[in-house]
Amino acid sequence: MTMSQQDKARLLQALQDDPEFLAQVRSLVLPAELVQLPERFAQFATYVTDFIQRQEEFNARQEEFNARQEEFNADFRAFIQRQEEFNARQEETNAQQKGFNARMEERMQRITDDLGVLKGHAAGRIAREMSDDIAEHLGYEITQQLNGNDLRAMLRGSRPDDIPSSVRRSFYVADLVAKVEDQDGNELFLAVEASYTADERDTRRAIRNAEFISRFTGMTAVPVVASLENDRAVQQLVDDGQVRWFQFQSRDLQPQ
């Protein structure tokens with residue numbers, strides 16, 4: 001059935017005048033998606049507006065965080081710079097301290113060496129002063145205390161290449177070499193090396209000197225260490241009978 005122009009005009013007028021009727025017609029003519037589109041668009045617009053607002057708030061907080069982070073980074077870089085400067089000064093101080101320590105160690109070592117030499121000379125002098133006591137303690141009686149010239153004469157028949165010059169000089173300055181008699185009247189020698197604390201070097205020197213004396217005189221020579229105490233190596237040699245020991249008393253080594 002075809003509508004007349006008047007019917008069409010009345011229908012259009014009714015659509016314009018009656019919103020409810022217009023909605024009913026729209027729901028019949030348009031798909032549901034198109035009918036709901038304005039409402040959905042309004043909801044979407046509200047969602048977009050809320051999202052943009054939240055994003056702006058987030059951006060503001062992020063900018064504030066970035067500003068604080070940049071401030072922290074600047075402070076941290078300044079701290080690192082100060083730490084590096086401190087480390088450089090500390091390294092310089094450490095180098096100076098190491099140099100000072102090395103000089104002090106060298107100086108202390110020289111002092112220790114000098115004291116060792118002085119104490120060695122003192123112990124040797126005391127051994128010569130107590131030669132009769134040493135001999136008596138070991139069961140002998142001194143008949144002659146040899147000096148450096150006597151010892152040079154003893155080695156005069158040896159060849160220079162047979163005994164190194166440094167060893168010869170060490171023998172000439174032995175702490176004490178004495179000719180003694182035992183209880184049966186037999187003559188022999190004592191080769192004594194003295195120190196505050198006898199070490200293996202003292203013992204080996206006493207044994208070497210005794211061997212030289214026996215070699216160049218044909219007589220028995222007894223190696224002796226005279227000391228306040230011995231280190232472990234020396235005590236083992238004493239216990240093994242390779243060397244005799246005269247023990248100083250503390251008062252023997254006190255300055256007069």
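Which residues do ring pairs link into a cluster? Phe 171, Tyr 172, Phe 212 and Phe 216 are joined in this way; rings of Phe, Tyr and Trp (its six-membered ring) pair if their centres lie within 6.5 Å, with planes under 30 degrees apart counted as stacked, over 60 as edge-to-face and the rest as tilted.

The model is predicted: local features need pLDDT of at least 70 and side-chain atom pairs count only at pLDDT 80 or more, whereas totals for chains, interfaces and linings use all residues. Residues are numbered from 1 along each chain as its sequence is written, and side-chain values use heavy atoms, with hydrogens and water left out.

**Figure 1. Overview of the protein chain.** The chain contains 8 helices and 5 strands, which are DSSP runs numbered from the N terminus (helices: H or I, at least four residues; strands: E, at least two). From the N terminus on, the order of elements is α-α-α-α-β-α-α-β-β-α-β-α-β. Of the 256 residues, 25% count as buried (buried, under 20% relative accessible area; exposed, over 50%; partly exposed, in between; 1.4 Å probe, protein chains only).

**Figure 2. The stacked rings of Phe 72 and Phe 76.** The whole structure holds 6 aromatic pairs. In the stacked pair of Phe 72 and Phe 76, the centres are 6.1 Å apart and the planes differ by 15 degrees. Because they are 4 residues apart in helix 3 (residues 32-129), Phe 72 and Phe 76 are separated by about one helical turn. Phe 76 is partly exposed, at 45% relative accessible area.

**Figure 3. The largest nonpolar core.** This core has 21 residues, and those with the most contacts inside it are Ile 134, Tyr 140, Val 180, Leu 190, Ala 226 and Phe 248. A nonpolar core is a set of buried Ala, Val, Leu, Ile, Met, Phe, Trp, Tyr and Cys residues joined through side-chain atoms within 4.5 Å. Two or more residues each come from helix 3, helix 4 (131-137), strand 2 (176-181), strand 3 (187-198) and strand 4 (221-230); strand 3 gives the most, with 4 residues. A second, separate core of 16 residues includes Leu 151, Val 167, Phe 171 and Ala 210.

**Figure 4. Surroundings of Phe 189 in strand 3.** Phe 189 is buried, with a relative accessible area of 4%. Leaving aside neighbours within four places in sequence, its contacts (heavy atoms within 4.5 Å) include Leu 146, Val 177, Ile 213 and Met 219. Phe 189 and Ile 213 are 24 residues apart in sequence and 7.7 Å apart in space, C-alpha to C-alpha.

**Figure 5. Salt bridges within helix 3.** A salt bridge is a side-chain nitrogen of Lys or Arg within 4 Å of a carboxyl oxygen of Asp or Glu; the whole structure has 5. Arg 68 pairs with Glu 64, the closest N and O atoms being 3.0 Å apart. Both residues lie in helix 3, 4 residues apart, about one turn of the helix. Arg 68 is partly exposed at 45% relative accessibility, and Glu 64 is partly exposed at 47% relative accessible area.

**Figure 6. The salt-bridge network of Glu 193, Asp 202 and Arg 205.** Glu 193 forms a salt bridge with Arg 205, and their closest N and O atoms are 3.0 Å apart. Glu 193 lies in strand 3 and Arg 205 in helix 7 (residues 200-217), so the pair ties together parts that are 12 residues apart in sequence. Glu 193 is buried, with a relative accessible area of 3%.
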